[in-house]
Amino acid sequence: MGGHIPARRRPGEADAAGRNVDEALDALQQLAPSTEQQTQLRSWLDGLDRPCLDLIEQARPPACPHCGCPRSHRYGQANGLRRFRCTRCRRSYNALTGTPLARLRQRGKWLPYLECLLESTSVRKAARKVSVHPSTSFRWRHRFLSGIRRDRAEQLTGIVEADETYLLESQKGSRHLTRPARRRGGRARRRGISRDLDCLLVAHDRTRQTLDFVTGRGTPGKAELDACLRPVLAPDVLLISDGAKAYVAFARDARIAHASIDVRAGIRARGTIHLQNVNGWHGRFKNWLVRFRGVASRYLIHYSGWQRVLDAGVLSTPALLLRAALRRTQQ
Ligand SMILES: [Zn+2]
């Protein structure tokens with residue numbers, strides 16, 4: 001009866017907690033703990049990392065991440081994780097080797113940080129919440145996202161809507177601008193789809209699987225569509241596009257059934273032939289993106305992957321996100 005309801009955190013509470021921890025650390029230093037007490041403290045701290053470490057251990061690769069050999073033997077332990085040594089190449093590895101999270105520290109803070117990703121928290125706010133430096137918060141965001149965004153369908157089936165959306169190219173955070181600086185939230189110099197815009201191609205099937213591709217600046221041509229879409233479309237799909245020449249040429253060459261809808265002529269749908277799902281996704285993405293006040297072009301694919309995961313709602317807990325972030329680069 002009467003389950004325990006955790007109290008909601010009030011603003012400023014995290015800062016207060018941070019101050020308390022600072023005071024406790026000062027007090028500990030003054031106590032000058034003995035070697036034995038230091039060992040006790042260390043094992044207590046390791047205990048804080050345990051839930052995260054257990055999840056990491058579950059991601060142990062089935063084969064050596066260096067050479068692919070399936071045989072290994074235990075090779076001690078380091079930083080709370082079991083180590084293995086490959087019988088063929090003799091190199092050692094653990095469950096993080098070859099993942100985007102290898103060598104990231106402070107594992108006790110990973111799950112709280114992933115909670116921030118679920119809540120689309122800003123870099124600075126997340127840094128305050130989990131007590132890391134803002135630059136760490138930024139680095140973690142992109143390390144986690146580089147794994148998480150790979151959690152995606154391998155193939156789209158049935159009716160597939162494909163359409164692009166455009167975002168202002170941004171060299172935010174870049175040290176060397178290749179063009180004169182623009183004020184934040186600036187406008188493209190030319191009208192229409194110019195070379196100042198990054199293209200995000202999104203394909204969405206009616207089972208609600210979504211795939212996103214950054215195709216570079218300007219409108220994608222047949223070659224880009226070929227590279228992005230051909231590997232992920234089942235042979236018997238019906239592709240729906242706005243009828244741009246590149247789609248027509250791509251579908252003809254790939255021998256894929258294709259229907260187009262002329263949105264510019266004011267036609268929104270012909271029965272099931274429409275782009276409303278993919279255009280809805282574009283709209284939600286752009287609305288969600290506003291909070292970040294412009295994202296760097298080179299990270300655009302991380303943000304679209306982030307939105308895709310949030311929008312699908314399947315990876316709904318920090319633990320599920322962590323499992324996705326632990327995918328190996330070659331997967
Ligand atoms: Zn090996």
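Student: What makes Cys 64, Cys 67, Cys 86 and Cys 89 the residues that coordinate the zinc ion?

Tutor: In this predicted model, the SG atoms of Cys 64, Cys 67, Cys 86 and Cys 89 lie at 2.3 to 2.4 Å from the zinc ion. A sulfur atom counts as a donor within 2.8 Å of the metal, and the distances of 2.3 to 2.4 Å therefore satisfy that limit. Along the chain, these donors follow the spacing C-x2-C-x18-C-x2-C.

Student: Why is the site of the zinc ion called tetrahedral?

Tutor: The angles among the four donor atoms run from 102 to 116°. Four donors count as tetrahedral if all angles lie between 85 and 135 degrees, so a site with angles of 102 to 116° earns the name. For reference, the ideal angle for four tetrahedral donors is 109.5 degrees.

Student: Why is Cys 86 called buried, and why is Cys 89 called partly exposed?

Tutor: Cys 86 has a relative accessible area of 0%, and because buried means under 20%, Cys 86 is buried. Cys 89 has a relative accessible area of 27%, which lies between the limits of 20% and 50%, so Cys 89 is partly exposed.

Student: How do you know that strands E1 and E2 pair?

Tutor: Strand E1 (residues 72–78) and strand E2 (residues 81–86) are joined by five bridges in the antiparallel sense, and since two strands pair if there are at least two bridges between them, five bridges meet the requirement. Among the partners, Ser 72 is bridged to Cys 86 in E2, a residue that also coordinates the zinc ion, while Gln 77 is bridged to Arg 82 in E2. The hairpin of E1 and E2 has two residues between the strands, and Asn 79 takes a positive phi near 50° there.

Student: What makes E2 and E3 a pair?

Tutor: E2 and strand E3 (residues 92–93) share two bridges in the antiparallel sense, and the requirement is at least two, so the pair qualifies. Phe 84 stands opposite Tyr 93 in E3. The hairpin of E2 and E3 has five residues between the strands, and Arg 90 in the turn has a positive phi of about 65°. Taken together, the three strands form an open antiparallel sheet in the order E1-E2-E3, with E1 and E3 as the edge strands, each pairing on one side only.

Student: Why are E6 and E8 said to stand at the edges of their sheet?

Tutor: The five strands of this open sheet follow the order E6-E5-E4-E7-E8, with mixed pairing. Strand E6 (210–217) and strand E8 (257–260) each have a single partner strand, so one side of each is left without a neighbour in the sheet. The twist averages 25° from one strand to the next.

Student: How do you know that E4 and E7 pair?

Tutor: Three bridges join strand E4 (residues 159–168) to strand E7 (residues 238–241), which run parallel; because at least two bridges are required, the three here suffice. Glu 161 stands opposite Ile 240 in E7.

Student: What do the buried residues of H7 pack against?

Tutor: In helix H7 (residues 245–254), the buried residues are Ala 246, Tyr 247, Ala 249, Phe 250, Ala 251 and Ala 254. The buried residues of H7 pack against E4, strand E5 (197–205), helix H6 (222–229), E7 and E8. H7 is followed by Arg 255, whose phi is positive, near 55°.

Conventions: Residues are numbered from 1 along each chain as its sequence is written. This is a predicted model: local features need pLDDT of at least 70, side-chain atom pairs count only at pLDDT 80 or more; totals for chains, interfaces and linings use all residues. Side-chain values use heavy atoms; hydrogens and water are left out. Helices (H or I, at least four residues) and strands (E, at least two) are DSSP runs, numbered from the N terminus. Axes are lines fitted to C-alpha atoms, for helices over the stretch in contact, and angles run from 0 to 180 degrees between N-to-C directions. Donors are N, O and S atoms within 2.8 Å of the metal (3.2 Å for Na, K and Ca); water is not among the atoms, so sites may look incomplete. Four donors count as tetrahedral if all angles lie between 85 and 135 degrees; four count as square planar and six as octahedral if opposite donors are over 155 degrees apart and all others between 65 and 115; anything else is irregular. Buried means under 20% relative accessible area, exposed over 50%, partly exposed in between (1.4 Å probe, protein chains only). Contact means heavy atoms within 4.5 Å.
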